[in-house]
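Student: I would like a close look at one part of this model, please. Take me through one chain slowly, and then show me what to look for in its partner.

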Amino acid sequence: MTASPRPSRNQSRSVLLNASGICKHFGDFTANDDVSFSIGEGEIHALLGENGAGKSTFVKMIYGLMQPDSGQIEWRGQPTVIRSPQHARELGIGMVFQHFSLFQALTVAENIALALPPGESLADLADRVRRMSAEYGIGVDPDARVHNLSVGQQQRVEIVRCLLQDPSLLIMDEPTSVLTPQETGQLFDVLRRFSEAGVAILFISHKLEEIRALTERATVLRRGRNVGTVDTAGQSSKQLAEMMVGDSVGDIAGQAQPGSQTSALLEVESLNRPAGTAFATPLRQICFAARAGEVLGIAGIAGNGQDELMEALTGEWRGQGADVIRIDNVDITREGPSRRRQHGLGFVPEERNGHAAVPSMTLSDNALLTSHSLGRVVTRGLVDEAATRAMAAEVAGAFDVRLPQENPMASALSGGNLQKFVVGREISKRPRVFIVSQPTWGVDVGAALSIRTAILDLAAAGSAVVMISQDLEEIFAISHRVAVLYDGALSEAMVTADVTAETLGLLMGGSETASAMAAEVQA
Amino acid sequence: MLEDLILTVLMTSVPLVYAATGELIVERSGVLNLGVEGMMLMGAVAAFGIAMVSGSLVLGVIAGGLAGMLTAALFGILVLGFATNQVATGLALTIFGAGLSGLVGAPLIGHAIEGLPVLRIPLLSDLPTVGKLVFSHDLMAYGAVILVAAVAYFLKRTRAGLVLRAIGDNHDSAHALGYSVLGVRFMAVLFGGLMAGFGGAYLPLALTPHWAEGMTAGRGWIALALVVFASWMPWRVLVGALIFGGITIMQLAGQARGWTVPSQFLSMLPYLATIVVLVLISRNREFALANSPACLGRAFHAGK
């Protein structure tokens with residue numbers, strides 16, 4: 001389907017920024033291909049697209065972090081070359097990054113001072129922050145040290161930092177990816193107030209419901225190309241999704257519960273883990289069972305114990321006592337990762353670079369790292385080089401990993417390709433129990449689809465899959481049951497088809513009423 | 001007798017204060033320069049040579065500082081311009097400085113000069129004990145205290161100091177805000193070299209007024225340890241330098257008095273103390289996050 005650009009609802013508004021024919025290449029890769037975009041004063045405009053569609057590249061050029069290879073940017077009607085972030089700020093363009101650019105060791109006031117022109121004392125600035133914080137209901141303490149703040153609070157610091165520069169255009173790169181649905185609602189209230197005060201907001205997201213709730217117009221990017229600009233009010237989420245993804249890519253519908261009640265392959269009972277550091281989340285009385293043939297989703301906002309749970313399940317952190325974690329009724333509570341693999345566990349941690357794979361080692365060496373204890377490629381302490389290469393090549397072939405050369409370094413692969421490799425490496429060993437964290441984080445649509453299909457195929461073949469994910473769409477697409485991790489405690493598992501996003505959202509925010517609702521669903 | 005001993009301790013700690021305060025600024029900007037020993041030796045040989053030839057101690061001090069700064073500039077170009085490994089480059093700088101200073105200094109061996117004169121502060125220096133210990137030093141010793149105060153003020157109170165700390169904490173964010181990461185780091189490296197050069201110059205100009213090859217005798221390494229010992233805080237450098245200087249003098253005094261404790265054990269003490277501090281810091285995450293530069297030793301690539 002195609003959509004033609006429509007005029008803005010509010011014709012009287014003057015155009016603030018107009019970009020036309022923007023192109024940007026990185027080597028052979030075309031990140032932006034003839035992208036055009038315009039935003040008016042006080043408008044809330046969405047930039048929509050999948051991971052890798054070129055959204056971040058585009059806004060980096062508007063913010064002066066990169067220069068376009070060709071194309072023109074007009075600011076308030078004047079052709080302008082935005083030379084640097086500093087220049088962008090002087091023009092009145094502010095940006096809140098997806099990954100925060102705050103200085104952890106400094107105080108909130110110091111962080112903000114760094115983004116402002118010199119001349120104001122820290123004490124005066126702290127007063128201004130307090131006033132602005134009260135005016136918009138943001139709740140930021142200027143004297144706090146940033147590393148003591150929650151993710152949501154850090155984001156608010158970023159926003160205040162931008163606002164104090166009095167911008168006429170505020171760019172927000174996926175601001176809600178780290179927030180609960182309730183925090184998202186509060187953020188939207190704040191953003192609407194800015195819009196009323198005349199600040200234009202460029203809102204980047206791939207979450208369709210949010211875009212429909214907040215924005216007036218949306219510009220959709222797909223594989224670096226501009227697919228069209230539409231009035232969001234006139235579009236259904238489905239229409240937007242089709243524009244974003246293109247009709248060439250298929251989709252996975254929600255999963256029905258596997259027919260019969262199958263046996264539990266992985267059982268976790270009263271898993272407790274004290275917090276190792278002041279910033280870790282302690283795990284509290286975690287109980288769940290993953291059955292043969294199912295994908296058990298574990299939802300939750302980052303920092304609620306996902307990392308700690310993953311480490312406890314893989315054996316990177318080893319527990320005390322007996323019968324806390326069992327695979328096929330074998331107690332593995334005190335075993336390390338290699339022994340757990342021998343018992344039929346396969347796992348892929350969240351971070352590809354440095355955790356799931358060693359970037360500076362070849363794919364065959366990376367394949368060896370998780371199979372050395374399984375007896376196929378190592379005999380009497382010697383590595384069978386040919387066998388590891390064959391194993392790596394087999395994984396690459398079966399999971400459509402595109403290799404720039406034969407047996408490349410892991411670092412030579414793009415994020416999506418490497419993710420397909422590390423997931424494929426585990427799945428090809430046919431683990432009885434497969435544990436994966438954020439399987440499609442930062443991966444393009446095509447790769448995400450093939451990874452999700454592979455996970456479902458593994459479950460269909462009789463394995464149990466535990467998928468820790470912060471992506472609710474992913475949870476709804478491929479999990480049969482879902483439990484929510486909040487503040488180190490895990491909710492009862494619910495049948496995914498019976499749960500609404502709202503219930504999960506409330507549970508992810510730790511709401512009591514949600515627990516009661518969940519109990520009803522459970523019953 | 002005790003007064004003389006304390007006076008020696010104070011003088012021994014002066015070069016440590018200069019070198020460590022300079023390195024503190026370097027490390028706060030996120031660069032680890034292990035070449036302090038080499039820079040100090042370059043400073044020492046240049047200071048002695050120029051002072052001897054020109055007959056001016058002031059010119060000697062300036063020459064020492066500039067020699068340290070030039071050596072640091074070489075380090076800065078390699079590490080910041082070509083993004084070489086900081087640890088390897090720093091070690092190479094130490095070896096380079098030791099070799100070159102030995103070569104340049106060969107004709108200087110056996111000569112002696114008049115050391116830096118003591119500046120008695122009028123009236124105050126006449127006080128009993130305190131007058132001798134606190135108000136009867138050479139210019140560079142007073143300068144060391146002023147330096148620490150200035151650096152503490154710079155880091156805590158000035159905007160430039162804030163930018164420096166920010167770059168050491170998160171160079172990517174600092175770059176995104178439009179600060180010149182490499183530019184600031186290069187300035188910091190030059191300052192570190194200047195201070196190491198001053199520290200080196202103090203040895204042949206005040207402490208032992210002659211030149212000998214390798215005369216720093218590990219003071220560069222102690223200065224490096226001192227920065228960690230001080231947990232990157234300027235005033236603690238001053239305190240640490242007095243402690244480390246005291247330990248150094250205890251070795252000599254102990255040998256003269258026939259102590260049974262082996263002097264090697266005493267020379268280990270600064271490093272042992274540093275390891276203890278490192279353990280204490282890493283156990284206290286809150287403290288580590290607030291004070292140790294998170295980007296220390298990491299190369300910065302713009303446009304990543």
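Tutor: Here is a walk through chain B, then its contact with chain A, and then a sheet in chain A.

This is a predicted model, in which local features need pLDDT of at least 70, side-chain atom pairs count only at pLDDT 80 or more, and totals for chains, interfaces and linings use all residues. Residues are numbered from 1 along each chain as its sequence is written, while chains are lettered from A and ligands numbered from 1 in the order in which they are written.

Let's start with confidence. The model scores ipTM 0.82 and pTM 0.71. For chain B, the mean pLDDT (the predictor's confidence in each residue, from 0 to 100) is 89, and 98% of its residues reach 70 or more.

Now for the build of chain B. You can find 13 helices and 2 strands there; these are DSSP runs numbered from the N terminus, with at least four residues of H or I for a helix and at least two of E for a strand. The radius of gyration of chain B, taken over C-alpha atoms, is 19 Å, close to the 19 Å that the globule rule (2.2 Å times the number of residues to the power 0.38) gives for 304 residues, so chain B is as compact as a globular protein of that length. Along the principal axes, its C-alpha atoms fill a box of roughly 60 × 45 × 40 Å.

Next, look inside. Of the 304 residues in chain B, 44% are buried; a residue is buried if 20 or more other C-beta atoms lie within 10 Å of its own, exposed if 12 or fewer, and partly exposed in between, with C-beta atoms placed from the backbone. Two residues are in contact if their C-beta atoms, placed from the backbone, lie within 7 Å. Among the contacts in chain B between residues at least 6 apart in sequence, 77% join residues at least 24 apart.

Where does chain B touch chain A? The contact takes 16 residues from chain B and 20 residues from chain A. Helices H7 (159-169), H8 (171-176) and H13 (285-291) of chain B each supply at least two residues to the side of chain B that touches chain A. H7(B) gives the most, with 6 residues. That side of chain B divides into 8 nonpolar, 3 polar and 5 charged residues. Here Ala, Val, Leu, Ile, Met, Phe, Trp, Tyr, Cys and Pro count as nonpolar, Asp, Glu, Lys and Arg as charged, and the others, Gly among them, as polar.

Now turn to the partner. Chain A averages a pLDDT of 84, and 88% of its residues score at least 70. Over residues 1-11 of chain A, pLDDT stays under 50.

Chain A also has an open sheet of 4 strands in the order S12-S11-S14-S15, with antiparallel pairing; strands pair if DSSP finds at least two bridges between them. At its edges are S12 (283-291) and S15 (330-331) of chain A, each pairing on one side only. S11 (residues 264-273) of chain A meets S12(A) in the antiparallel sense over 6 bridges. To see one bridge, find A:Val268, whose partner in S12(A) is A:Phe288. Helix H9 (residues 306-314) of chain A packs on this sheet, touching S11, S12 and S14 (325-327) of chain A, and its direction makes about 60° with that of S12(A). For such angles, axes are lines fitted to C-alpha atoms, for helices over the stretch in contact, and values run from 0 to 180 degrees between N-to-C directions.
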